[in-house]
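Hello,

Here is the structure you asked for. Please open it first, then read the notes underneath.

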Amino acid sequence: MSLQVNDLRVYYRTLKGDVKALDGVSFSMEDGEILGLAGESGCGKTTLGKSLIRMDGRMRHMGGTVELDGRELPIGDDRRMNDFRFREVSLIPQYSMSAMNPTRKIGRMVRELLRSRGATLDLDELESRLSLVELPHAVLDRYPIELSGGMKQRMVMVISTLLDPSLLIADEVTSALDVSTQKAVARALIGFRDAGFVKSMIFVTHDLALTSHIADTIMVMYAGKLAEKAPATAIVKKPRHPYTKLLLDSLPEVGVRYTEKRLAGIAGSPPSLLDPPAGCRFRSRCPIAGEECVQEPPMAEIEPNHFVACWKA
Amino acid sequence: MRRYFGRKLLVYGLTFFVAVTINWMIPRFMPGDPVSSMVARTGASNPAAAETMRVYYTNLFGFDQPLWKQYVNFWGALFQGDFGISIWVFPTPVTEVILGAVPYTLGLMIPSVLLSWVVGNWFGAYAARRKVLDNTLLPVGYVLTAMPYMWLAVLLAWGLGVVAGWFPVAGGYSFSMQPSWSWEFILDLLHHWVLPFASLFLVALGGWAIGMRNMIIYELESDYSNYLAALGAPQRLIRRYAFRNAVLPQITGLALQLGVLVAGALVTEIVFSYPGLGSLILKAIQNQDFFLLQGTFLFIVLGVLIANFIIDIVYVVVDPRTRAGMAGAAA
């Protein structure tokens with residue numbers, strides 16, 4: 001068991017009250033697993049990713065534990081968490097295009113970063129990893145501005161995984177890229193896992209189609225809670241949660257002309273997380289909601305490794 | 001690189017040309033006639049003698065020639081380093097008068113500009129992440145930077161000079177002394193230098209500190225800072241990077257502020273009757289001294305242009321992006 005998250009609660013402190021962005025999330029990941037984390041904007045997927053490595057100033061750890069390789073991560077303690085960052089947990093941020101200091105040559109920046117973490121730079125290893133993502137070794141002598149968007153993205157991937165972390169969080173890494181580059185990035189991420197640079201990976205995205213290609217398991221979140229977690233094929237072929245079904249229905253399919261058939265979409269919008277409704281949070285938008293949905297549905301394993309939080313599943 | 005500096009030099013050349021032309025025009029279109037005031041000063045009561053004198057001076061300064069010819073002659077003389085003869089302290093050459101004043105102005109300007117910039121940046125960066133400093137000393141910075149130079153100068157002169165009596169309030173050195181390279185004179189010089197320096201330094205300091213504080217906060221919130229923090233880099237490294245990036249706009253700011261700083265220094269000199277270029281300008285205007293006014297302005301224009309050019313070079317050295325832009329980015 002590589003990662004074990006138990007009833008994790010992370011709230012945003014605001015003047016109006018706590019925004020319950022993560023409200024009791026539990027799941028586990030195996031070694032070598034790539035977990036796709038999907039859901040619409042504001043469902044808490046980025047919050048979950050951030051909680052595992054570095055919370056920003058407005059986030060508060062309200063409860064629950066995170067265990068990585070049998071050790072508890074002190075996620076609420078910014079200073080103690082520093083020992084784990086980069087070495088155990090690492091991040092490929094959403095903003096890879098601007099993640100590198102614009103006024104340092106990349107090679108020098110990497111060396112300074114590693115030295116500040118008490119690690120020495122293994123130049124051969126770095127160069128072989130650059131080759132793996134098809135970057136010329138000369139990029140180390142360049143400034144970030146001299147690289148294209150795709151090159152910066154790959155460079156950040158290499159930097160983030162240099163210390164062979166156990167868990168890598170890839171936060172919306174493909175959203176800023178065009179489709180052909182997306183595929184290359186996804187392939188590189190799988191390559192990193194296969195080469196053992198990272199043990200397991202959480203791939204945060206709103207792109208279900210891409211996730212299903214690279215993830216072993218897909219986890220769908222809705223309004224700060226888990227909706228469904230299952231092997232990638234099961235999610236795509238046999239989704240059980242009504243939200244997952246609607247999410248898949250709103251994706252365009254290859255070969256279908258949408259002049260005749262309108263894409264479904266999901267009516268309504270997610271509830272406010274400032275004061276979420278009791279019971280199932282998808283209730284108000286759910287086409288099959290019934291009386292029992294006033295009670296909160298527990299996460300149930302309806303098939304091996306297929307978890308759903310829905311009374312009707 | 002060569003094209004970049006070539007273009008810069010061309011722009012500076014054009015600026016210089018326009019500035020010199022305007023500079024030549026302003027005194028000439030000013031109301032009043034310097035020759036008649038010179039003649040009047042001699043007190044010649046005989047109209048014939050006054051007339052002779054008028055013709056002599058008009059001829060001497062070249063005022064009898066048509067305007068365009070005066071303009072061409074002016075450029076010609078300029079390239080020979082000849083700024084003409086001062087009317088106010090006739091017959092001293094303008095160059096000599098200016099060179100006597102320049103050391104005072106530079107001695108005031110260079111330390112106050114550079115020190116306020118360095119100290120302001122350092123202090124702003126330091127205050128950026130310390131709530132107590134941010135809430136106490138920075139508001140003082142706002143008050144300082146909003147103060148007109150001469151007002152602070154008057155306040156200092158009154159408070160520390162007249163009331164407390166710690167510093168002299170006027171002049172570059174005591175009237176009882178002759179300029180010489182003795183310790184006594186240098187100490188006296190410094191003593192007179194403190195108040196004008198302090199007023200220039202303080203006003204500029206507030207602005208730099210506030211600018212730097214805002215820039216540092218912005219840089220510490222930026223993506224590369226967040227990324228480094230997520231990888232557990234120590235605050236020291238993040239702050240070092242942030243400082244380096246935050247200094248760039250401050251360098252540009254220095255280039256932009258230079259003109260304002262020079263103007264501030266000139267006014268401050270007048271408040272303290274400091275014998276620099278500022279006082280010289282005042283005297284030149286009061287005495288309708290075209291040549292002195294022209295020469296002084298020309299000197300200031302040259303100084304600002306040279307300083308800007310130096311800042312351009314510094315910027316290329318510290319910001320790799322300007323260099324990359326010159327070479328053309330690699331794919």
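B:I22 counts as partly exposed, because its relative accessibility is 44% and partly exposed covers values between the 20% limit for buried and the 50% limit for exposed. Keep in mind that this is a predicted model. B:I22 sits in helix α1 of chain B, which covers residues 2-28. Together with B:F17, B:V18 and B:I26, B:I22 makes a nonpolar patch on the surface, with an area of about 350 Å².

Now to chain B as a whole. How many helices and strands does chain B have? The secondary structure comes to 13 helices and zero strands, so the pattern read along the sequence is written with α at every position. Chain B has 331 residues, and 45% of them count as buried. Along the principal axes, the C-alpha atoms of chain B fill a box of roughly 90 × 60 × 35 Å.

One pair of helices in chain B can be described in more detail. Helix α5 of chain B runs over residues 94-127, and helix α8 of chain B over residues 183-220. These two helices pack at an angle of about 35°, and their axes are 6 Å apart. The crossing of α5(B) with α8(B) is right-handed. What kinds of residues make up the contact of α5(B) with α8(B)? There are 20 nonpolar residues, six polar ones and one charged one.

In chain A, two residues are worth a look for their backbone angles. A:D69 has a phi near 50°, which is a positive value in a residue other than glycine. A:D69 is found in the loop of chain A between β4 (59-68) and β5 (71-72). A:A223 also has a positive phi, of about 50°, and A:A223 is not a glycine either. The loop that holds A:A223 lies between β9 (217-222) and β10 (225-231) of chain A.

Are A:D69 and A:A223 buried or partly exposed? A:D69 counts as partly exposed, because its relative accessibility is 32%. A:A223 has a relative accessible area of 2%, so A:A223 is buried. The limit for buried is under 20%.

When you go through the model, you could start with the patch around B:I22 in helix α1 of chain B, then turn to α5(B) and α8(B), and end with the chain A loops that hold A:D69 and A:A223.

Regards

Terms used
Residues numbered from 1 in each chain as written. Chains lettered and ligands numbered in written order. Predicted model: local features only at pLDDT ≥ 70, side-chain atom pairs only at ≥ 80, totals over all residues. Heavy atoms only, no water. Patch = residues over 30% accessible without salt bridge, like charges linked within 9 Å, V, L, I, M, F, W, Y side chains within 5 Å. Areas by Shrake-Rupley, 256 points an atom, 1.4 Å probe, with all protein chains shown as cover. Salt bridge = Lys/Arg side-chain N within 4 Å of Asp/Glu carboxyl O. Helix = DSSP H or I, 4+ residues; strand = E, 2+ residues; numbered from the N terminus. Buried < 20%, exposed > 50% of the residue type's maximum accessible area, 1.4 Å probe, protein only. Axes fitted to C-alpha atoms, helices over the stretch in contact; angles between N-to-C directions. Left-handed = near helix turned anticlockwise from the far one by under 90°. Nonpolar A, V, L, I, M, F, W, Y, C, P; charged D, E, K, R; others polar.
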